[in-house]
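This report follows charged pairs, strand and helix packing, and empty space through one protein chain. Please keep the structure in view while reading.

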Amino acid sequence: MIKIHFLGTCSGTEPMKNMHHTSTLLDIGGSLYWFDAGECCVHTAVTSGIDIMKSEAIFVTHPHIDHIGGLANLFFAFDKMIGMHKKSLPNGNTLEVFFPEHNTFEAIKTVALSGSISLRDFRFTLNEHGISDGVIFDDGKVRVKAKSNHHLKDDGADGVFHAFSYLVEAEGKRILLSGDVKSPSELDYLISDGVDLLVMETGHHKVSDVCEYAVSHNVKALRLNHHGREILGNRVAAEELTASYAERYGISIKLAYDGMTEEY
Ligand SMILES: [Zn+2]
C-alpha cells in the first residue's frame, strides 16, 4: 500500500492562511520518501502523527525557497530525534538526499547545524546525490526516475533553469510528481502511456490545461498541488471546474490541501 501525505500545497507565494509551501511525502510499505521540503513540512508531518524516523530518502525538484524552505529544519529534526530520543534512521542511520545544486545544499546543512555548540556533523550519515535524467534511485522496493524540465525563467547558470520531475514506481503503481514545469507536456517522457496518479503543480498553469493534459494521457487520478493564483483566488470555482472534468472523463481529480492523506 502506498500512502501519500500532502504536507504543503502552496506555490511560492507570500504566506497564505492554512497553507504552506510545497512538500509531499510517500509512505511505501512503511518507509518514507520526501518530495520537496517547503516551509514547516516536518512540523506538519510530526503533528499529523507521522514517524519521520522511517525516512529513507529526500528528492528535491529544484532549489527554490518554496521547495526547500523546510529542509534545514527537517535535517535538524532528524538530528534532534537521534540526540535527544535515541532514535535512528533506517539503513545504518543513513539518509539519501537527491539535490540538484551542491552549494545551496552545503548552505542548508550549515543552517541546520548552526544551533550546535561547536561545529560538528550530523548524528546521521547524509548521502548527497546530484540528479541527472534517468533512474536515480532503486532500493528493490522503490524505483525513482528523474527528468529535467525547463522552468518559467531562463535564469540558470547555463541559461536555462531546470527543475526535475519524478516518476515513482512501487508496489505495481506508477506515481508521477511534477516539479515546476514550463508546460505540462514536459511530463510526456515520464508519463509514457499513463500513470495511476499524477501530482501536478498549478503554480504556472491554468487548471483547465492541467486537466486537459491528464485526461488525454491515461492518468487514473490527478491531484493538483503547488497552487497558484487561480486556485488561491477562487478555490470554489477551481473545485467546480475539476469536478466537471472528473465527471465528463470518469477520472478522479481533486485539489490537494495541506494535511490531506490518501491511499493507492
Ligand atoms: Zn515552486
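In this predicted model, the side chains of Arg235 and Glu239 meet in a salt bridge with an N to O distance of 3.5 Å. Both residues belong to helix α9, where they lie 4 residues apart, about one turn of the helix. Arg235 is partly exposed, at 25% relative accessibility, and Glu239 is likewise partly exposed, with a relative accessible area of 38%. The count for the model comes to 10 salt bridges, among them the three pairs set out below.

| Pair | N to O distance |
|---|---|
| Arg235 and Glu239 | 3.5 Å |
| Lys254 and Glu262 | 3.5 Å |
| Lys147 and Asp133 | 3.7 Å |

The pair of Lys147 and Asp133 joins strand β8 (residues 142-150) to the loop between β6 (125-129) and β7 (134-138), and it therefore ties together parts that are 14 residues apart in sequence. Asp133 is partly exposed, with a relative accessible area of 42%. In the pair of Lys254 and Glu262, Lys254 is partly exposed at 40%, whereas Glu262, at 12% relative accessibility, counts as buried. Beyond these pairs, Arg143, Glu169 and Arg174 are linked in a network of salt bridges.

Lys254 also leads to strand β13 (residues 252-255), whose uncovered face carries Ser252 and Lys254 and whose covered face carries Ile253 and Leu255. In a regular strand the side chains alternate between the two faces of the sheet. Strand β13 pairs in the parallel sense with β12 (residues 221-227) over 4 bridges, and within this pairing Leu224 stands opposite Leu255.

Both strands return in the surroundings of helix α7 (residues 207-215), in which Val207, Ser208, Val210, Cys211, Tyr213 and Ala214 are buried. These buried residues pack against β12 and β13, and also against α6 (188-191), β11 (197-202), α8 (229-233) and α9 (235-249).

Turning to enclosed space, the model has 1 cavity of 30 Å³ or more, and the largest cavity has a volume of about 90 Å³. It is lined by 14 residues, of which Thr22, Thr24, Asp36, Ser178 and Asn225 are the closest to its centre. The elements that give two or more residues to this lining are β11 and β12. By class, the lining of the largest cavity comprises 3 nonpolar, 8 polar and 3 charged residues.

One of the residues closest to the centre, Thr24, lies in strand β2 (residues 23-28) and counts as buried at 2% relative accessibility. Leaving aside residues up to four places away in sequence, Thr24 touches Ile4, His5, Phe6, Tyr33, Trp34, Phe35, Asp36, Leu177 and Asn225.

The second largest pocket holds about 160 Å³ of space, and among its 11 lining residues Phe76, Asp79, Lys80, Arg120 and Arg123 lie nearest its centre. Helix α3 (residues 71-85) gives the most to this lining, with 5 residues. The lining of the second largest pocket has 4 nonpolar, 3 polar and 4 charged residues.

Two residues beyond α3 deserve a look at their backbone angles. Lys86, in the loop between α3 and α4 (90-93), has a phi near 55°, a positive value in a residue other than glycine. Asn93, placed in helix α4, also has a positive phi, of about 60°, although it is not a glycine. Their surroundings can be read from the accessible areas: Lys86 is exposed, with a relative accessible area of 68%, whereas Asn93 is buried, with 16%.

Definitions and conventions:
Residues numbered from 1 in each chain as written. Predicted model: local features only at pLDDT ≥ 70, side-chain atom pairs only at ≥ 80, totals over all residues. Heavy atoms only, no water. 1 Å grid on protein atoms, 1.4 Å probe; cavity = no way out; pocket = protein on both sides within 12 Å on 5 of 7 lines; lining within 4 Å. Points joined across faces, edges and corners; volume = space filled by probe spheres on them. Nonpolar A, V, L, I, M, F, W, Y, C, P; charged D, E, K, R; others polar. Buried < 20%, exposed > 50% of the residue type's maximum accessible area, 1.4 Å probe, protein only. Pairing = 2+ DSSP bridges. Contact = heavy atoms within 4.5 Å. Salt bridge = Lys/Arg side-chain N within 4 Å of Asp/Glu carboxyl O.
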